[in-house]
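Open the model in your viewer and keep the selection panel at hand. We will go from stop to stop, choosing something to select each time and looking at what is there.

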There are 2 protein chains.
Amino acid sequence: MHTLSEENYLKCIYRLWQDKGQKITPTAIAESLGNNPASVVDMIRKLTDKQLIAYDKKKGVELTVQGQKDATLIVRRHRLWEVFLLEKLGYHWDEIHDIAEELEHIKDASLADRLDKFLGFPEYDPHGDPIPKANGKMAKRFSTTLADVKTGGSCRVVAVKDTTSQFLQYLQKLDINIGTKIQLIEKIPFDSSLVISINGNEHKTVSQKFGESLLIDNS
Amino acid sequence: MHTLSEENYLKCIYRLWQDKGQKITPTAIAESLGNNPASVVDMIRKLTDKQLIAYDKKKGVELTVQGQKDATLIVRRHRLWEVFLLEKLGYHWDEIHDIAEELEHIKDASLADRLDKFLGFPEYDPHGDPIPKANGKMAKRFSTTLADVKTGGSCRVVAVKDTTSQFLQYLQKLDINIGTKIQLIEKIPFDSSLVISINGNEHKTVSQKFGESLLIDNS
DNA sequence: AAATAAAATTTGGTAAGGCTAATTTTATTT
DNA sequence: AAATAAAATTAGCCTTACCAAATTTTATTT
């Protein structure tokens, strides 16, 4: 299999590839990983030799079929471990990412599948990202945010769009978790602030930015 | 914290230190890890600088108080993960060691304690080795084997002394697990073979070596 | 005690995966 | 099209963690 570093590059390229249909350049990878472009060039050669990516100055970096498979597996492992850490070990949203970042590299043919089964085949991770299935397929990402809800409407939190610890810790302070019910009382026209009621409690005002960061289900 | 390699050396030294009151030489470490003695000398310097070990040609390698603490934590993590893999993910005895070998290096201040709690604070790992507690203390190792049982006596399997996959797979074939009840029907004087009944089923004969490899509780 | 064997150590080298600084290539302005 | 800016690449170097070979130290025989 691959080294830790190779896996991190693969995952990064996969993420950039998903984010936008944009061309993936060495500089973009370097920025994303916080590495020097020179190091990225080295690794591009390595991953190309391993037939995990293809690189063309015109098209940028692209994942090969094998590269996609391998990257998907890493993402699968990462998201499953996040569910485990949150649901079974009682970690909070803002703590799980970094640990999952390490756990995702554990190599064992059946580990992801066993963990998946143990967790009851979850579809989404705690950040609302779909968990790739063993066959590589995955569900659609959530897209409706609290900012999209109509005044007077009510919804349930299903995931977060922003995963910075600032946001996650703010959520915790407000006692908002997955499944928490939120009612939109009023939208302030001036700055699109939202007046909400969390679990039927007293009204609170949050910013537009906040609303756009909370993925919800109001179906 | 420490690098993967440093942790592996620490664990190795800890194991040698537990095994016997013997002097721990660079050669012994090299053999144990399958490394070149030259590499061991390098690492001894590194761990000495970090104040995790003390090295004296007369006394050999010794763990400092900090070294003991750190090594104990690694062992704690290893054994807890083994319990998790066996009990929660349904792995077999002979599969868990290598995976735990990777999991033990996951760094997070509260992970071991949370896992410990999640698993119900187990005292022993599936190989019968005591799991160090959060404070570093641990229970005594099991010592009675099936070969020590009196004819006609009955006992329960609590652990294995031999952890080779040959033995673990043999156990599986015989359908012997932790908690399995075994009755000693007869001891063959010629070669100390044991005639046993597993969970009250038909008699089977196993070797003396087999009997000495199964740790049991007949209290 | 001298000879020999074994263990420990030093020296120099390798591969992975980073880096900085310099250079070349490609894009964008003017 | 020339000048300039940006991106990509090369060159050379660093650290970690290993190795083999040579050397020194320590132990064991004779």
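## Start at the axis

Select B:Leu103 to begin: of the residues of chain B, B:Leu103 comes closest to the rotation axis, with its C-alpha at 3.7 Å. Keep in mind along the way that this is a predicted model.

Now colour the two protein chains separately. A turn of 180 degrees and a shift of 0.1 Å along the axis lay chain B on chain A with an RMSD of 0.3 Å. That is why the relation can be called a two-fold axis. Both copies use the same surface, since 100% of the contact residues of chain B recur in chain A.

## Where the two chains touch

Next, select the contact between the chains. Chain A contributes 13 residues and chain B contributes 13 residues. On the chain B side, two helices each supply at least two residues: helix H5 (93-103) and helix H6 (111-118). Which of the elements gives the most to the side of chain B that touches chain A? That is H6(B), with 4 residues. Colour this side by residue class and you will find 7 nonpolar, 1 polar and 5 charged residues.

## Along DNA strand D

Move on to DNA strand D and show what lies around it. There are 17 residues surrounding DNA strand D, and the closest are A:Thr25, A:Thr27, A:Ala38, B:Thr3 and B:Asn36. Both protein chains have elements here that give two or more residues: from chain A, helix H2 (26-33) and helix H3 (37-49), and from chain B, helix H1 (4-19) and helix H3 (37-49). H3(B) has the largest share of the surface near DNA strand D, 4 residues. By class, this surface divides into 6 nonpolar, 7 polar and 4 charged residues.

## Across to DNA strand C

Now select DNA strand C, which 18 residues surround. The closest are A:Thr3, A:Asn36, A:Ala38, B:Thr25 and B:Thr27. For the surface near DNA strand C, chain A supplies at least two residues from each of helix H1 (4-19) and H3, and chain B does so from each of helix H2 (26-33) and H3. Highlight H3(A), which gives the most to this surface, with 5 residues. The surface near DNA strand C comprises 6 nonpolar, 7 polar and 5 charged residues.

## Two crossing helices in chain B

Hide the DNA for a moment and show H1(B) together with helix H4 (residues 65-88) of chain B. Their axes come within 9 Å and cross at roughly 95 degrees. H1(B) is therefore roughly perpendicular to H4(B). To see the contact itself, show side chains for B:Glu7, B:Leu10, B:Lys11, B:Ile13 and B:Tyr14 in H1(B), which meet B:Gly67, B:Asp70, B:Ala71, B:Ile74 and B:Val75 in H4(B). The residues of this contact divide into 6 nonpolar, 1 polar and 3 charged.

## The hairpin in chain A

Go to chain A and select strand E1 (residues 53-56) and strand E2 (residues 60-63), which pair in the antiparallel sense over 4 bridges. How many residues does the hairpin that joins E1(A) to E2(A) run through? The hairpin joins E1(A) to E2(A) through 3 residues. For a close-up, pick A:Asp56, which stands opposite A:Gly60 in E2(A).

## The open sheet of chain A

Continue along chain A to an open sheet of 5 strands, in the order E6-E5-E4-E3-E7, with antiparallel pairing. Strand E6 (203-206) and strand E7 (214-217) of chain A stand at the edges, each with a single partner strand, so one side of each has no neighbour in the sheet. On average, neighbouring strands of this sheet are turned by 50 degrees against each other, direction ignored.

Within the sheet, zoom in on strand E3 (residues 154-160) and strand E4 (residues 181-187) of chain A, which pair in the antiparallel sense over 3 bridges. A:Cys155 stands opposite A:Ile182 in E4(A).

## Last stop: the open sheet of chain B

Finish in chain B, where an open sheet of 5 strands has the order E6-E5-E4-E3-E7 and antiparallel pairing. The twist averages 50 degrees from one strand to the next. Select strand E5 (residues 194-198) of chain B with E6(B): the two pair in the antiparallel sense over 4 bridges. Label B:Val195 here, and you will find B:Thr205 of E6(B) opposite B:Val195.

How values were computed. Residues are numbered from 1 along each chain as its sequence is written. Chains are lettered from A and ligands numbered from 1 in the order in which they are written. This is a predicted model: local features need pLDDT of at least 70, side-chain atom pairs count only at pLDDT 80 or more; totals for chains, interfaces and linings use all residues. Two residues are in contact if their C-beta atoms, placed from the backbone, lie within 7 Å. Ala, Val, Leu, Ile, Met, Phe, Trp, Tyr, Cys and Pro count as nonpolar, Asp, Glu, Lys and Arg as charged, and the others, Gly among them, as polar. A residue is near a molecule or strand if its C-beta atom, placed from the backbone, lies within 6 Å of it. Axes are lines fitted to C-alpha atoms, for helices over the stretch in contact, and angles run from 0 to 180 degrees between N-to-C directions. Angles under 35 degrees count as roughly parallel, over 145 as roughly antiparallel, 65 to 115 as roughly perpendicular and the rest as oblique. Copies are superposed by least squares on the C-alpha atoms of residues with pLDDT of at least 70 in both. Two strands pair if DSSP finds at least two bridges between them.
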